[in-house]
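Visitor: I'm new here and would like a look around. Could you show me the structure and explain the words you use as we go?

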Amino acid sequence: MQTSFPAVVISGTGLYQPPHVITNAELVAAFNAYADQQNAAHADAIARGERQPMTHSSVEFIEKASGIKQRYVIEKDGVLDPARMYPRFKPRGDDELSLMAEIAVDAAQKALAQAGKTGADIDAVLCSSANMQRAYPAMAVEIQQALGAGGYGFDMNVACSSATFALEQAFNAVRTGASKCVLVVNPEITSAHLEWRDRDCHFIFGDVCTALIVERADTATGPDQWEILGTQLATQFSSNIRNNFGFMNRAEDRDPEARDLTFYQEGRKVFKEVVPMAAAHIETHLGKLGLEPTQMRRFWLHQANQGMNQLVIKKLVGADAGDDVAPLILNEYANTASAGSIIAFHHHRADLQPGDAGVICSFGAGYSIGSVVVKKR
């Protein structure tokens, strides 16, 4: 006998936007000053041919390579200090709300308000992010307590696909009855794990936090409800996007400044390999639901690279599509890891009509790809 599951909806989204903006021009000025300092400090080695000089970055290079024009960050001065080149955060005591929990609570409260819910209505919190502030206790449990939520909470990490992977867990928990109302939060403090001193990637990331409320349709009271028609996840191992920072570094007697302990990637390989994977993933997922890509009113895609998104859409709908079909937010926010597709969904869904369907899709390190097909009720 086939089990009948209740309809499950996304009933609210929330967004924490950091207070500081770094423009490409500001970023380039800081990077070039750092490069000049390094070249001066190692002038003899460069002259002997033992070291390659650092080359300058430029606004034109950044925008051509990515489509990014600015990014939001929690702390700006440290990032733009040529003698530092990473954010400066004040340590907090164990009895204080942690920074990651603080921005998650901000986004969560906005999502709750949109859904017409309070923290007490939540019985599961999933904190899904590319990098967690600490190993334990789980960030989700701290967020749960700060919101006055019940049930349980846990952290998960599938890099830039963390949000869509968490959405599937929330969807399954609600439709099976394990949970009634699930909060998914994606706090991405990417400025702390980006290598701002690397010309190939210094412009990529920005800070942000997104939140979603997932519940049964028959309990939803908010005015904006999106039924989840299906989810699909896939992973395939690759080291082309990697960060080796972890608790074992100390035991390995590693240099804490080693390049592989922050974000690094083989960008061209990623572009070449992920685009066809993502397009095929979405097409296959829609096919399982009896749908075609051309029936989708909107695609809220992972926001890593403008050219990558354009190629994915071209493979799916057979033609160049503008922002109306695949809205772009990375020009303003930059790559926000797992939060990118959720920001696009948060900002670009109000104009859709009941019955319109779309795909939330992320792709990133792993490789990992997650897609969530939704329909406006």
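Guide: Let's start with a pair of side chains: D106 and K110 meet in a salt bridge, at 2.9 Å from N to O. Before we go on, this is a predicted model, where local features need pLDDT of at least 70, side-chain atom pairs count only at pLDDT 80 or more, and totals for chains, interfaces and linings use all residues. Residues are numbered from 1 along each chain as its sequence is written, and side-chain values use heavy atoms, with hydrogens and water left out.

Visitor: What makes the D106 and K110 pair a salt bridge?

Guide: The term asks for a side-chain nitrogen of Lys or Arg within 4 Å of a carboxyl oxygen of Asp or Glu. The N to O distance for D106 and K110 is 2.9 Å, so the pair qualifies.

Visitor: Where do D106 and K110 lie?

Guide: Both sit in helix 4 (residues 99–115), four residues apart, about one turn of the helix. A helix here is a DSSP run of H or I with at least four residues, a strand is a run of E with at least two, and both are numbered from the N terminus.

Visitor: Why is K110 called partly exposed?

Guide: Buried means under 20% relative accessible area, exposed means over 50%, and partly exposed is in between (1.4 Å probe, protein chains only). K110 has 41%, so it is partly exposed. D106, with 26%, is partly exposed too.

Visitor: What does the salt bridge between E257 and R197 tie together?

Guide: Their side chains meet at 3.2 Å, N to O. E257 lies in the loop between strand 9 (241–242) and strand 10 (264–265), and R197 in the loop between strand 6 (181–188) and strand 7 (208–216), so the pair ties together parts that are 60 residues apart in sequence.

Visitor: How do you know that S162 is buried?

Guide: Its relative accessible area is 0%, which falls under the cut-off for buried, so the word fits. S162 is in helix 6 (residues 162–175).

Visitor: What makes the link from the side chain of S162 to the backbone nitrogen of V158 a polar contact?

Guide: A polar contact is a pair of N or O atoms within 3.5 Å; within protein, one must be able to donate a hydrogen and the other to accept it, and residues adjacent in sequence count only if both atoms are side-chain atoms. The S162 side chain reaches that nitrogen at 2.8 Å, so the distance fits. The same side chain also reaches the backbone oxygen of S129 at 3.4 Å.
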